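Reader: I'd like a close look at one part of this model rather than a full tour. Could you pick out the salt bridges and walk me through where they sit and how covered they are?

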Amino acid sequence: MTLNTTQHSVIKSTELENIMSYCYGTENYYKIPQYSFKYTDGVKTFCEKADAYWLLDIVASISRHYKQMHEDFIIIDLIVSDDDKAIITFEDTKGIFFKQDIPFTDCPKGLWKFYFDNNVFFWNGEY
């Protein structure tokens, strides 16, 4: 029996930035049944290219628990550092209302900005 030993290739920040620069506007909205929101082509592209579908899980849990206490429009920043750690913040007009440290990620370093509005999760170029 042979095992598939294909190694996961990590995308570089500049490559992901280039790909995401083409994500402006969306043609499709996606929904996963257990999530209470839809997401756009740009979010789907980011999650696929950065191998970051875990981001949808975080947004789902925060939107479910905090949505009734905060405004409909939320800024979501994912900040990935050189040491493969990240911080994700959720902010409305009153300020940051949720922050989570992520001890390890292979998501490319940089500031990745998203928006959540009217139950839709957007890449920043689509809003």
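Author: Here's a walk through the salt bridges, with a bit of the surrounding fold for bearings.

Keep in mind that this is a predicted model. The protein chain has three helices and seven strands, and along the sequence they come in the order α-β-β-α-α-β-β-β-β-β. Of its 127 residues, 41% count as buried. Among contacts with a separation of 6 or more, 56% are between residues 24 or more positions apart. The chain exposes about 7700 Å², with carbon and sulfur atoms supplying 51% of that area.

Now to your salt bridges: the structure holds three of them.

Let's start inside a helix. Lys44 pairs with Glu48, and their closest N and O atoms are 2.7 Å apart. Both residues belong to helix H2, which covers residues 41-49, and they're four residues apart, or about one turn of the helix. Neither end falls in the buried class: Lys44 is partly exposed at 24% relative accessibility, and Glu48 is partly exposed too, at 40%.

The next pair links two strands. Lys113 and Asp77 meet through their side chains, at 2.7 Å from N to O. Lys113 is in strand S6 and Asp77 in strand S3 (residues 74-80), so this salt bridge ties together parts that are 36 residues apart in sequence. What about cover? Lys113 has a relative accessible area of 22%, so it counts as partly exposed. Asp77 comes in at 12%, and that makes it buried, because the cut-off is under 20%.

For the last one, we move out to loops. The side chains of Asp82 and Lys109 form a salt bridge at 3.0 Å, again N to O. Asp82 lies in the loop between S3 and strand S4 (86-92), while Lys109 lies in the loop between strand S5 (95-102) and S6, so this pair ties together parts 27 residues apart in sequence. Asp82 is exposed, at 63% relative accessibility. Lys109 is partly exposed, at 46%.

Since strand S6 came up with Lys113, it's worth following it a little further. S6 spans residues 110-117 and runs antiparallel to S7, with four bridges joining the two. One of the residue pairings there is Asp117 with Val120 in S7. The two strands make a hairpin with two residues between them, and Asn118 in that turn has a positive phi of about 50°.

S7 itself (residues 120-123) is covered on both faces: Val120 and Phe122 are buried on one side, Phe121 and Trp123 on the other. S7 also pairs with strand S2 (residues 38-40), this time in the parallel sense and over two bridges. Within that pairing, Tyr39 has Phe121 as its bridge partner.

One more S6 neighbour, if you're curious, is on a helix. Ser63 belongs to helix H3 (residues 54-66). Leaving aside neighbours within four places in sequence, Ser63 is in contact with Ser36, Phe37 and Phe116. Ser63 is buried, at 7% relative accessible area, and its side chain reaches the backbone oxygen of Ala60 at 3.2 Å.

So, back to your request, here's the short version. Lys44 and Glu48 pair up within H2, Lys113 in S6 meets Asp77 in S3, and Asp82 and Lys109 join from two loops.

Methods. Residues numbered from 1 in each chain as written. Predicted model: local features only at pLDDT ≥ 70, side-chain atom pairs only at ≥ 80, totals over all residues. Heavy atoms only, no water. Buried < 20%, exposed > 50% of the residue type's maximum accessible area, 1.4 Å probe, protein only. Pairing = 2+ DSSP bridges. Polar contact = N/O pair within 3.5 Å; in protein donor to acceptor, adjacent residues only side chain to side chain. Contact = heavy atoms within 4.5 Å. Areas by Shrake-Rupley, 256 points an atom, 1.4 Å probe, with all protein chains shown as cover. Salt bridge = Lys/Arg side-chain N within 4 Å of Asp/Glu carboxyl O.
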